[in-house]
Amino acid sequence: TARSAEFGAAWLHRAFDLQAVLFHQRIDDAVVRITLPSTRFQRVNRDRFTSGGLELTAGTAVGGMTLRGDLTLQRARIADRSIADPTQRQPEDVPDVFGALYATAPLMRQVEAQARWRVAGATRCTNADSGALERQAGAQVFDVGIERRWTASRMLGALTAGLQVENLLDAALYDKCGLPQAGRTLRLSIRVG
C-alpha cells in the first residue's frame, strides 16, 4: 500500500522559472532485499519504506543560451520491528542527493551545442561476496553534444541529427552494487518529426 503527498509552488517570470516540491511517500509492506547468512539474497516484506524531501527545478535564458537544472534532496528509511541495527534502516541504491544541470547554446544556423552535468550522491549496497553493506561512492558525469535541425517536408516535419558524447570523463556511476552505467559513450541520433 503506497501513500504519497506533494506540495509544490512555482514562480514563473519572463526571465526564469523556479519550482519547488515537498514530497513524502510511505509504502507499507515494502519489498526489500536482505542477505542470508549463506550470503545469498532474498526479497522480504518490511513494515514500511518512507522517503521525503525536496525537488527543485529551474530554468533561464541568458543571451542565446538556455540553462535548466533540477535537484532532489531526500531521506529514505526502512522501518521494521525486526531491525535492531539503525544502519540497516537505510535502503540500498537510494541516493540522498541527485540532480543535473543542462545548457544549450546556438553555434550557427540550425546548429546547437549541448552540455549536461549529472550528479548522484553516495548510496549503500550489499556486497555479493561478503553480504556486508558497503558505502558506494556517488559520481559526477559530463555529457556534451551538437545537434543540427533541418525542415524536411510538411508531411515529415523536421529532421534532427545529433552527435553526443555521454560520460565524457568515463566516471563510474553505479545503479546497483557493482553494476555501473555505461562508461564513455558516443551516440549518433536521427529524429524525424
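Which residues form a nonpolar patch on the surface? They are L101, W117, F142, V144, L168 and L169, and together they have about 500 Å² of accessible area, a value that comes from the Shrake-Rupley method with a 1.4 Å probe. A patch of this kind is made of residues with over 30% relative accessible area and no salt bridge, with nonpolar side chains joined within 5 Å; a salt bridge is a side-chain nitrogen of Lys or Arg within 4 Å of a carboxyl oxygen of Asp or Glu.

Please keep in mind that this is a predicted model, in which local features need pLDDT of at least 70 and side-chain atom pairs count only at pLDDT 80 or more, while totals for chains, interfaces and linings use all residues. Residues are numbered from 1 along each chain, and side-chain values use heavy atoms, without hydrogens and water.

Within the patch, L169 is found in the loop between β10 (157-166) and β11 (174-176), where strands are DSSP runs of E with at least two residues, numbered from the N terminus. L169 counts as exposed because its relative accessibility is 58%, and exposed means over 50%, buried under 20%, with a 1.4 Å probe and protein chains only.

Turning to the interior, the largest nonpolar core has six residues, A30, V32, V44, F49, A76 and I78, a core being a set of buried nonpolar residues joined through side-chain atoms within 4.5 Å. To this core β2, β3 and β4 (65-79) each supply at least two residues. Apart from it lies another core, of five residues, among them A120 and L173.

Finally, R40 lies in the loop between β2 (16-35) and β3 (41-62).

Note on methods
Helix = DSSP H or I, 4+ residues; strand = E, 2+ residues; numbered from the N terminus. Patch = residues over 30% accessible without salt bridge, like charges linked within 9 Å, V, L, I, M, F, W, Y side chains within 5 Å.
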